[in-house]
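Reader: I'd like to go over the salt bridges in this one. Can we look at it together?

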Amino acid sequence: MSTSEDGRSYLIKSQYNAITTGSAIELTIAAKERHGICDEERSDDGVSENGCHIFGSGTRNDGQNKTVNARRRWKLLAKALRHDSSEDDQFSKFNLIEFDRAYDEKDDNIFVYRLADRYRLKIRLIGERPWTASELIGFNNTGNICVWPSEEALAYFILSRLSIFENTNVLELGGGMTCLAGLILAKYGNPSFVHVTDGNDLSVENVRKSLNMNKFNCTIKTSVLKWESVYLTQCTTNSDHGRYQFILSADCLFFDESRSHLIDAIWLFLADEGVALITAPRRGHTLTHFLNECVARGFYYDLLYSYNKAIWEKHQEMIKTDGYDENIHYPLLIKMYKKDYDLRHV
């Protein structure tokens with residue numbers, strides 16, 4: 001083993017020990033520096049819900065809030081490393097998706113997801129498996145150990161607007177362990193082609209197993225797509241350049257350093273008349289920073305607060321409960337497009 005490999009092995013071991021013992025305060029700072037984990041302070045400048053582009057200033061107590069947010073993320077990773085399935089102390093989902101084990105499958109990790117009483121999808125989960133430190137550290141894998149509210153919200157929005165996707169090509173970016181939005185669309189909509197992607201090989205391999213258990217109404221494929229490598233090749237040589245009429249993404253904005261890469265990927269793959277549909281909570285100034293970069297890149301956008309009846313009613317119910325903070329838990333819907341025209345019909 002080389003010296004560099006020894007060093008990496010030691011780093012992983014030390015991170016694992018610190019995470020699983022709950023003493024990862026120094027590591028949260030290090031993780032913030034490596035991944036740009038952003039703060040969760042409530043935004044005071046905000047972005048208007050009618051799509052106006054409001055540019056924000058810096059956050060207060062930025063370092064402290066970043067540490068708090070990082071600690072929450074590391075806590076989830078620690079639970080995965082310990083194979084701990086106990087309830088986390090933060091709000092985790094809207095519970096609009098019911099699921100049971102698929103008893104007709106030999107694999108105990110296969111579940112039947114039920115949405116809105118009429119939509120069913122077989123999904124293989126990998127969140128309950130004992131992850132290794134090397135699988136979790138050094139990459140944003142928190143989306144691979146649970147289903148987030150933004151995924152529920154995007155799936156429900158899609159199911160309420162299935163007709164707009166008819167005969168279109170659709171790309172999902174950062175789909176995690178389920179690629180829920182892309183799969184539910186491919187099964188119950190009538191798009192021409194759906195391409196679901198994630199930057200993690202294990203996630204994509206897991207999604208591939210889910211694909212084999214469902215029947216879809218279109219051609220669907222899954223592959224590894226790392227946003228930072230999108231522009232390593234010339235756009236003109238990329239066969240998918242400008243191919244997709246719709247791009248989907250749920251809760252992929254919380255890592256600062258990947259934000260620009262995500263925007264570049266959307267710009268490259270989105271057709272000139274296309275629309276990117278993104279769900280994400282505000283998380284302090286995180287959403288504002290993302291929208292500012294989108295405008296700088298040339299995008300226009302609409303920002304929607306109430307966009308689905310089921311999600312909105314659940315949000316109104318959850319506001320009254322302890323542990324729910326709409327700033328970090330309620331996903332807004334962003335419609336991004338390259339041209340300045342009215343997309344309210346979408």
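Author: This is a predicted model. A pair to begin with is R259 and E293, which form a salt bridge with their closest N and O atoms 3.7 Å apart.

Reader: ok, where do R259 and E293 lie?

Author: R259 is in helix α8 (residues 256-269) and E293 is in helix α9 (residues 286-297), so the salt bridge ties together parts that are 34 residues apart in sequence.

Reader: is R259 buried or exposed?

Author: R259 counts as buried, because its relative accessibility is 5% and the cut-off for buried is under 20%. Its partner E293 is partly exposed, with a relative accessible area of 28%.

Reader: switching topic. what does K339 form a salt bridge with?

Author: K339 pairs with E273, and the closest N and O atoms are 2.8 Å apart. K339 lies in the segment after β10 (332-337), while E273 is in strand β8 (residues 270-280), so this pair ties together parts 66 residues apart in sequence. K339 is partly exposed, at 37% relative accessible area.

Reader: and D100, how far apart are the closest N and O atoms in its salt bridge with R114?

Author: They are 2.7 Å apart. D100 sits in strand β1 (residues 97-101) and R114 in strand β2 (residues 110-115), with their positions 14 residues apart in the count, and the pair links distant parts of the chain. D100 is partly exposed, with a relative accessible area of 38%.

Reader: which residues are linked in a network with D100?

Author: E98 and R114 are linked with D100 in a network of salt bridges.

Reader: last one, how many salt bridges does the count come to?

Author: The count comes to twelve salt bridges.

Notes. Residues numbered from 1 in each chain as written. Predicted model: local features only at pLDDT ≥ 70, side-chain atom pairs only at ≥ 80, totals over all residues. Heavy atoms only, no water. Salt bridge = Lys/Arg side-chain N within 4 Å of Asp/Glu carboxyl O. Helix = DSSP H or I, 4+ residues; strand = E, 2+ residues; numbered from the N terminus. Buried < 20%, exposed > 50% of the residue type's maximum accessible area, 1.4 Å probe, protein only.
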